[in-house]
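User: Please walk me through this model slowly, and tell me the rule behind each term when you use it.

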Amino acid sequence: MKQGKPAKSAKSGEPAKAAAAAKPGKPESHLAMVRRARRINRELAEIYPYAHPELDFRNPFELLVATVLSAQTTDLRVNQTTPALFAAYPTPEDMAAAVPEELEELIRPTGFFRAKAKSLIGLSASIRDNFGGEVPGRLADLVTLPGVGRKTANVVLGNAFGVPGITVDTHFGRLVRRWKWTDQEDPEKVEAEIAAIFPKSEWTMLSHRVVFHGRRICHARKPACGACPIAPLCPSYGEGETDPEKARKLLKYEMGGQPGQRLSPPPDYPGRPAPPLGAG
C-alpha cells in the first residue's frame, strides 16, 4: 500500500506538483484520455488490492436490503443496523410479512426509515411472489423491485452474482468528472461513458477502487492531493491540499489509521473492523 508517502510520478519520481505543472496546454485527445484512465485503474489496483463492497452481507438478499438502506447514510451506519434487522427478518418472506412500525424502528438509525421500510416490504413481497423467494440475477428483473434502481441493481449483480456492473454513486461520479473521463452528471450517462472506456471484466472492481479512493483520499470538500499516489495522472490536481504533511492528516479509514466501515471486513482488509452500534 502506498500509504503515507508523498505522491510521485511513476516514470520520473518527481513530485506530483511538478508533474502536474508540466502538462501540455493542448486539449487531451480521447485516445490519450482512455490510456490515462486505464493507467489510473491499474494504479488504483495496486493501491487498493483489497477493494471490496463496504456493506456487510452473507447472501444476495442481505446485500440488496443493505444497499437500499445505504441511501442518504453511511455504509457504517447500515452495517451497524443490519445485524438486528436480519436476525428479525432473515428471508424475503419474513420481511414481506413485517409489521411496518416494527421494521421502521429497526432501521430508524439509517434515516428516511418510513420510505425505506415501505421499499423493503415491497421488494420482499415482489421477490416472494414473482421470483420464487430468490433475488433475481438479471438487471431487468432487479429494477422492477420497489426502491431498486440501476445503481442498487449493479451493486447486487456485481457483488452477489459476479455479473459485471458499474456503480455510479456520488463518489464515483465526483472522481470520474475530476479525472475528466466524462462531463456527464446523469448517472446512467456516466455509466454508459465509463463502460465504453474499460473492458466489461473490469467494471465491478473499477467501481470499488474509485469509491475507495473517493472515501479515503479524493474527498468532496478537501481532497488530499499532496498524499495522492495518482496525482501525476490527475488533471484536477491542486483542487485540494497539496502540502504532503497537511494532506496526510486528511486521509480516512485504513489510510488514516482509522477503522473501516464493515463490522465483518474481508480477511485481506488491512484496517480495523468498525465497531458495532453503540460501542465506543
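Analyst: A helix here is a DSSP run of H or I with at least four residues, a strand is a run of E with at least two, and both are numbered from the N terminus. By that rule, Ala 125 has its place in helix H7, which covers residues 113–130. The model is predicted, with local features needing pLDDT of at least 70 and side-chain atom pairs pLDDT 80 or more, while totals for chains, interfaces and linings use all residues. Residues are numbered from 1 along each chain as its sequence is written, and side-chain values use heavy atoms, leaving out hydrogens and water.

User: Why is Ala 125 called buried?

Analyst: Buried means under 20% relative accessible area, whereas exposed means over 50% and partly exposed lies in between, with a 1.4 Å probe and protein chains only. Ala 125 has 18%, so it counts as buried. Its C-alpha is 6.9 Å from that of Pro 92, although the two are 33 residues apart in sequence.

User: What makes Val 34 buried?

Analyst: Val 34, found in helix H2 (residues 30–47), has a relative accessibility of 12%, and therefore it counts as buried. The C-alpha atoms of Val 34 and Phe 198 are separated by 8.3 Å, with their positions 164 residues apart along the chain.

User: How do you know that His 213 is buried, and which residues is it in contact with?

Analyst: The relative accessible area of His 213 is 0%, so it falls under the cut-off for buried. This residue of helix H12 is in contact (heavy atoms within 4.5 Å) with Leu 44, Tyr 48, Leu 175, Trp 179, Cys 218, Cys 228 and Ile 230, once neighbours within four places in sequence are set aside. For the whole protein, 49% of the 280 residues count as buried.

User: Why is the protein called as compact as a globular protein of its length?

Analyst: The protein has 13 helices and 0 strands. The radius of gyration, taken over C-alpha atoms, is set against the globule rule, which is 2.2 Å times the number of residues to the power 0.38. The protein comes to 20 Å, close to the 19 Å that the rule gives for 280 residues, so it is as compact as a globular protein of that length. Its C-alpha atoms fill a box of roughly 60 × 40 × 30 Å along the principal axes.

User: What makes an empty space a cavity and not a pocket?

Analyst: On a 1 Å grid over the protein atoms alone, a 1.4 Å probe fits in a cavity but cannot get out, whereas a pocket is an open set with protein on both sides within 12 Å along at least five of seven lines; lining residues have an atom within 4 Å of a point. The search of the whole structure finds 1 cavity of 30 Å³ or more. The largest cavity has a volume of about 100 Å³, and among its 14 lining residues Cys 218, Pro 223, Cys 225, Cys 228 and Cys 234 lie nearest its centre.

User: Which residues are closest to the centre of the largest pocket?

Analyst: The largest pocket has a volume of about 770 Å³, where a volume is the space filled by probe spheres set on grid points joined across faces, edges and corners. Of its 33 lining residues, the closest to the centre are Asp 75, Asp 169, His 171, Val 211 and Arg 215. Helix H12 gives the most to this lining, with 6 residues.
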